[in-house]
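Here is a small set of exercises to work through at your own pace. Keep the model open beside you and try each task before reading its solution.

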Amino acid sequence: MAAEEESGEFYLRYYVGHKGKFGHEFLEFEFRPDGKLRYANNSNYKNDTMIRKEVFLTPAVLKECRRIITESEIMKEDDNNWPEPDRVGRQELEIVMGNEHISFTTSKIGSLVDVQSSKDPEGLRIFYYLVQMPFHAWNPTVASSVVYLIPCAHAYTDPRMLDLKCFVFSLISLHFKIKPI
């Protein structure tokens, strides 16, 4: 990683959500330039309440987040040929790293079949693997209860394969007591 990327400004925001039967349900996290990680998970399923967590991260953790972004090569992508957000939902990813600023918007991706059938399968695949939720368990009820007490499965086979959601859930579970089911 270039020294400029390591010392320059860093900001990242990811959002995935939809408006449906249970209202506006979403998962959002943000790495701020001051080192603060902000996390929100809103599910109205069975009258759940919004979960909000904030924690300050060390420079080493922010460096790891930058590494994940750099190695994914997402900064080279363009979302012009990605599916537009629809009634199923939307995903947004904004990253500022050094002098580069990108902002992506696309629909929710159900599986790799959706990626393969897009107009830009290679670019969308990079996005999908960067922000995916392993086991497709983004159900906020499950995620809010478990919050990844067990690290993501693919991180065991290749630690470089850690995606952003897994990374955030691991950080949140390390810093906050999890209420048992």
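**Exercise 1. Decide whether E73 is buried, partly exposed or exposed, then look at its backbone.**

Step 1. E73 has a relative accessibility of 40%, so it counts as partly exposed. The classes are buried for under 20% relative accessible area, exposed for over 50%, and partly exposed in between, using a 1.4 Å probe and protein chains only.

Step 2. Place E73 on the chain: it sits in the loop between helix 2 and strand 5. Helices (H or I, at least four residues) and strands (E, at least two) are DSSP runs, numbered from the N terminus.

Step 3. Check the backbone: the phi of E73 is near 65°, which is positive although the residue is not glycine. Most residues other than glycine have a negative phi.

A word on the ground rules: this is a predicted model, in which local features need pLDDT of at least 70 and side-chain atom pairs count only at pLDDT 80 or more, while totals for chains, interfaces and linings use all residues. Residues are numbered from 1 along each chain as its sequence is written, and side-chain values use heavy atoms, with hydrogens and water left out.

**Exercise 2. Work out the strand order of the sheet and find its edges.**

Step 1. Start with the inventory: the protein chain has seven helices and six strands.

Step 2. The six strands make an open sheet in the order 4-3-2-1-5-6, with antiparallel pairing. Two strands pair if DSSP finds at least two bridges between them.

Step 3. Strand 4 (51–56) and strand 6 (100–107) are the edge strands, each pairing on one side only.

Step 4. Zoom in on one pair: strand 3 and strand 4 are joined in the antiparallel sense over six bridges. L37 stands opposite V55 in strand 4.

Step 5. Now add helix 7 (residues 164–175), which packs on the sheet and touches strands 1, 2, 3, 4 and 5. Contact means heavy atoms within 4.5 Å. The direction of helix 7 makes about 85° with that of strand 2; axes are lines fitted to C-alpha atoms, for helices over the stretch in contact, and angles run from 0 to 180 degrees between N-to-C directions.

**Exercise 3. Describe the surroundings of N42.**

Step 1. N42 belongs to strand 3 (residues 36–42).

Step 2. With a relative accessible area of 9%, N42 is buried.

Step 3. Leaving out residues up to four places away in sequence, N42 touches H24, E25, F26 and M50.

Step 4. For H24 there is a polar detail: its backbone oxygen lies 2.6 Å from a polar atom of the N42 side chain.

**Exercise 4. Which residues have the most contacts inside the largest nonpolar core?**

Step 1. A nonpolar core is a set of buried Ala, Val, Leu, Ile, Met, Phe, Trp, Tyr and Cys residues joined through side-chain atoms within 4.5 Å.

Step 2. The largest such core has 37 residues, and F31, I74, L93, F127 and L164 have the most contacts inside it.

Step 3. Among the elements that give two or more residues to this core are helix 2 (59–72), helix 4 (121–131) and helix 7.

Step 4. Follow L164 outward: beyond its neighbours within four places in sequence, its contacts include L12, F29, C65 and L93.

Notes: A polar contact is a pair of N or O atoms within 3.5 Å; within protein, one must be able to donate a hydrogen and the other to accept it, and residues adjacent in sequence count only if both atoms are side-chain atoms.
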